[in-house]
Amino acid sequence: MSIDTAPRTARGPVLRTERALAPDLARGAMLLIIALANVAGVVFAGEPGLDATPEGVDRGLNFLLFELVHARGYPVFAVMFGYGLVQLARRQDASGATPKQVRSVLLRRNLWLVVFGFAHAALLYYGDFLGAYGIVGIAMTLLLLRRGDRFHRIVLVLWALSAVEILVIGAMVVSGILGGSGGSAPLPSGHVDSLAAPDYVASMLDRLGEWPVHTLTVVPFIMIAWLGMWAARRRVLEEPARHRTLLTWTATLGLGVAVAGGLPAALVSAGWLHVDESAASMMLLLHGASGMFAGPGYVAVFGLIAMRANRSGPVVGALSALGQRSLSGYLFQSVAWLVLLAPFTLALGDRFGSPTVTGLIIAVAVWLTTVLIARQLDKRKQPGPAEIVLRRLTYRPRT
């Protein structure tokens, strides 16, 4: 009898044939939402990006941005991040890697994400999420990954409590509207110094101060990523037909909560509802809290679409190609904002009438460019440049 004594090693990155359609489709399409949200912030040098005195078509655009875009894109990627963490670990486990080796791969990948995030913020854009993903990924690897099903049900309780919190805040907002004394306060919007800096060096110095604060404010999205982890343990997106009912309810309730919770802020941003400063602040709080429900809501929509979609079709194929290269697509956007919109470069946002309209047109054009580039790379079976670097750093040969 022979005994296999060969050492077990961690395997490399995911193969094309192993990829599920729904996650890639969601990432590729939702990069448009990220582009629309970020470009509004860049144009108005604020967070959230907001024209405080909209006129004409800008009123409707403000309304749509607050209903469907602001604080509603990043939760999708948070869900997908938690989902992908489980997928990565599962593939490593199936290859025969030891738990220690799996943990090493995950920790190395997430540590490099923190480094990517720092470089991204320092060089390009303050509103980086990569660093926060890395920190959350490290915490999830160490604290959540190897827990049992009973423990992971805690996240469902946390989401239920969040829904109750949103109902309470919503009731306070409605009470404030009905009993308020009127007013004309705009929604609160924080000024971002790096987006208004007069030159590149000044913007970089500002970003170095802004990135740590911004990263700490978004680290709590671990609860959103944890829900993605829970879904991945049940293979919800790999087997959408088996989970059709769950996906349908999640899409309906998730987007329903996000739209309803965002409505008061959207009406104020459009200038169609006038409230005092206290009510406006409460509406923005409700807007942000309800936005997290857009994450599972949007993801569920793409899970349902994937059941009927054909990956080889031109539209689905192009979007999923970008989804497979979402890190490169995300970083490409930040380069575009710096070149096209910064005050010390082309500053196109202020040159063609409405900054809102101009910014959104640029956002769509930049996103479409990434779709086309990703499609060409996919035809050549090449990953994106950022994916190549991250994979080499994560799966570097052991000597």
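Glu239 is partly exposed, at 31% relative accessibility, where buried means under 20% relative accessible area, exposed over 50%, and partly exposed in between (1.4 Å probe, protein chains only). Its partner Arg242 is exposed, with a relative accessible area of 59%. The two form a salt bridge in which the closest N and O atoms are 2.7 Å apart; a salt bridge here is a side-chain nitrogen of Lys or Arg within 4 Å of a carboxyl oxygen of Asp or Glu.

The model is predicted, so local features need pLDDT of at least 70 and side-chain atom pairs count only at pLDDT 80 or more, while totals for chains, interfaces and linings use all residues. Residues are numbered from 1 along each chain as its sequence is written, and side-chain values use heavy atoms, with hydrogens and water left out.

Side chains of opposite charge can pair when their charged atoms come close. The count of salt bridges comes to eight. One of them joins Arg146 to Asp93, with 3.0 Å between the closest N and O atoms. This pair links distant parts of the chain, 53 residues apart: Arg146 is in the loop between α5 (130-143) and α6 (149-152), and Asp93 is in helix α3 (residues 74-94). Helices (H or I, at least four residues) and strands (E, at least two) are DSSP runs, numbered from the N terminus. Both ends are partly exposed, Arg146 at 48% relative accessibility and Asp93 at 33%.

Another salt bridge is formed by Asp378 and Arg325, whose closest N and O atoms are 3.4 Å apart. Asp378 lies in helix α16 (residues 355-379) and Arg325 in the loop between α14 (314-324) and α15 (326-341), so the pair ties together parts that are 53 residues apart in sequence. Asp378 is buried at 13% relative accessibility, and Arg325 is buried at 5%. Arg325, Arg375 and Asp378 are linked in a network of salt bridges.

A further arginine, Arg27, sits in helix α1 and counts as buried, at 13% relative accessibility. Leaving aside neighbours within four places in sequence, Arg27 is in contact (heavy atoms within 4.5 Å) with Arg19, Phe77, Met80, Gly84, Gly323 and Ser326.

The interior comes next. The largest nonpolar core has 113 residues, and those with the most contacts inside it are Tyr133, Trp159, Phe221, Met229, Trp337 and Leu341. Helix α1 (residues 21-44) gives the most to this core, with 16 residues. Such a core is a set of buried Ala, Val, Leu, Ile, Met, Phe, Trp, Tyr and Cys residues joined through side-chain atoms within 4.5 Å. Not counting residues up to four places away in sequence, Trp159 touches Met223, Ile224, Leu227, Met292, Phe293 and Pro296.

Pro48 is found in the loop between β1 (46-47) and α2 (57-69) and is buried, at 17% relative accessibility. Pro48 and His70 are 22 residues apart in sequence, with their C-alpha atoms 6.9 Å apart in space. Beyond neighbours within four places in sequence, the contacts of Pro48 are Phe66, His70, Pro188, Ser189 and Leu284.

On the surface, Phe118, Val201, Leu205 and Leu208 make a nonpolar patch of about 370 Å². Helix α9 (residues 200-218) supplies the largest share of this patch, three residues. Val201, in helix α9, is partly exposed, with a relative accessible area of 49%. Patches are made of residues with over 30% relative accessible area and no salt bridge, like charges being joined within 9 Å and nonpolar side chains (Val, Leu, Ile, Met, Phe, Trp, Tyr) within 5 Å; accessible areas come from the Shrake-Rupley method with a 1.4 Å probe, and for residues only the protein chains shown count as cover.
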